[in-house]
Amino acid sequence: MIRVLIAGLGNMGFSHALAHHNHPDAEIVGLVNRSGSPARAPLDGYPVFTDFRQALAETKPDLAVIATYSDTHAEYAIAAMEGGAHAFVEKPLATTVEDARRVTAKAAELNRKLVVGYILRHHACWQRLITEARGLGGPYVFRMNLNQQSSGETWETHKALMQTTPPIVDCGVHYVDVMCQITDAAPVRVHGMGLRLSDEIAPEMYNYGQFQVIFRDGSAGWYEAGWGPMMSETAFFVKDVISPNGSVSITEADKAESDNVDGHTKVGSLLVHRPEGDDSIALPDEPGHQELCDAEQAHMLRAISEDTDLTRHMNDAVQSLAICLAADESIRTGRPIDLTGG
């Protein structure tokens, strides 16, 4: 039985906690919630802490699941690993590349398992998209976005997230990771632009951004993300991969309510286009958000019990974060960012 401490009980943290609550090989030993308020059912019977380090010391978990705000991810992950636990960290792994590398270095130094919450890696339909795109051959053009017309409680959550992390980083790491899995080439250059579209967020933050990334094999990617009540729900979910030999696109039409978390991973069907003809691939019975969180946590538990080598996973997580943070730097400085180190 693997003893699990969950830090953060927002949307993702609660779902990860449910996954362990229902897993036969996991035992939740504590929940960390800044407010100290009890968790809602069915998690209301577990001990609740307000301080992460105190919870680590008192519960001595084998695994810490970290789903707090981004600026605590690196600190909490390192503290967990130094305390003897493996770590699952929600994306993004950190708010700087330096901190992300410190976390992965600590995992290697202490022989801890570290998994980053890239939920699309556990979604068979997204993996099918990657397989179909790779089958076409590169170089590729990636066109991807995820804009969210958020209001009420969701807009409040987005504003809280934007205290530390812009949308193009928080959401972008998922889709940049998909680009990197398809092209398997190193990123070379990033150019971004963004705009602050609300007086309700800090003057130094922006709630709309887009960027372009060039890869060493000549592939080019575009990503766009915006949050807030002003965002359009026209063409807010674009997922296209284009190559000299054709294209692969998500064609699921039922994309109402752009802030619905279940819709963010839903594929429904793929359209594989080649000059000689099109092939529509239906993908019924997709997993929902909770099923994907269940799969992520089952993967984490297996990585511990089977001593899985996660080196490539950790390197990929740092690379996708580095691209998105370079886009953020480009937006703030107004210049392209060279990722070659030259």
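Arg121, Asp177, Asp184, Arg312 and Asp316 are linked in a network of salt bridges. The model in which this network appears is a predicted one. Within the network, take the pair formed by Arg312 and Asp184: their side chains meet with N and O 2.9 Å apart. This link spans distant parts of the chain, with Arg312 sitting in helix H11 (residues 311–333) and Asp184 in the loop between helix H8 (172–183) and strand S8 (187–195), 128 residues apart. Asp184 itself is partly exposed, at a relative accessible area of 45%.

The count of salt bridges comes to 17. One of them joins Lys106 to Glu82, with 3.2 Å from N to O. Since Lys106 belongs to helix H4 (residues 97–110) and Glu82 to helix H3, this pair ties together parts that are 24 residues apart in sequence. Lys106 counts as buried, with 15% relative accessibility; the cut-off for that label is under 20%.

Helix H4 also holds a salt bridge of its own, between Asp99 and Arg102. Here the closest N and O atoms are 3.1 Å apart, and the two residues are three places apart, about one turn of the helix. An α-helix has 3.6 residues a turn, so residues at such a spacing of three or four point the same way. Both partners count as partly exposed, Asp99 at 22% relative accessibility and Arg102 at 41%.

Back in helix H3, which covers residues 73–82, there is His73 to look at. His73 is buried, its relative accessible area being 1%. What does the side chain of His73 find for its polar atoms? The backbone oxygen of Thr68 lies 2.7 Å from one polar atom of that side chain, and the backbone oxygen of Pro92 lies 2.6 Å from a polar atom of the His73 side chain. Leaving aside residues up to four places away in sequence, His73 touches Ile66, Thr68, Val89, Glu90, Lys91, Pro92 and Leu93. Thr68 and Pro92 thus turn up both in this contact list and as the owners of the backbone oxygens.

Next comes the sheet. Six strands make up an open sheet with parallel pairing, in the order S3-S2-S1-S4-S5-S6. Strands S3 (48–49) and S6 (114–117) stand at the edges with a single partner strand each, so one side of each is left without a neighbour in the sheet. For S3, pairing with strand S2 (residues 26–32) is in the parallel sense and runs over two bridges. Leu31 stands opposite Val48 of S3.

Helix H10 (residues 289–305) has 17 residues and reaches 25 Å from its first C-alpha to its last, close to the 24 Å expected at 1.5 Å a residue. Buried residues in H10 include His289, Leu292, Cys293, Glu296 and Gln297, with Ala298, Met300, Leu301, Ala303 and Ile304 also buried. After H10 comes Asp307, whose phi is positive, near 55 degrees.

As for cysteines, the structure holds zero disulfides. Cys171 is in no disulfide, and the nearest cysteine sulfur, belonging to Cys324, is 9.7 Å away. Cys180 is likewise in no disulfide; for Cys180 the nearest cysteine sulfur is again that of Cys324, at 8.8 Å. Cys171 is buried, with a relative accessible area of 6%, and Cys180 counts as buried at 9%.

Key:
Residues are numbered from 1 along each chain as its sequence is written. This is a predicted model: local features need pLDDT of at least 70, side-chain atom pairs count only at pLDDT 80 or more; totals for chains, interfaces and linings use all residues. Side-chain values use heavy atoms; hydrogens and water are left out. Helices (H or I, at least four residues) and strands (E, at least two) are DSSP runs, numbered from the N terminus. Buried means under 20% relative accessible area, exposed over 50%, partly exposed in between (1.4 Å probe, protein chains only). A polar contact is a pair of N or O atoms within 3.5 Å; within protein, one must be able to donate a hydrogen and the other to accept it, and residues adjacent in sequence count only if both atoms are side-chain atoms. Contact means heavy atoms within 4.5 Å. The expected span of a helix is 1.5 Å times one less than its number of residues. Two strands pair if DSSP finds at least two bridges between them. A disulfide is a pair of cysteine sulfur atoms within 2.5 Å. A salt bridge is a side-chain nitrogen of Lys or Arg within 4 Å of a carboxyl oxygen of Asp or Glu.
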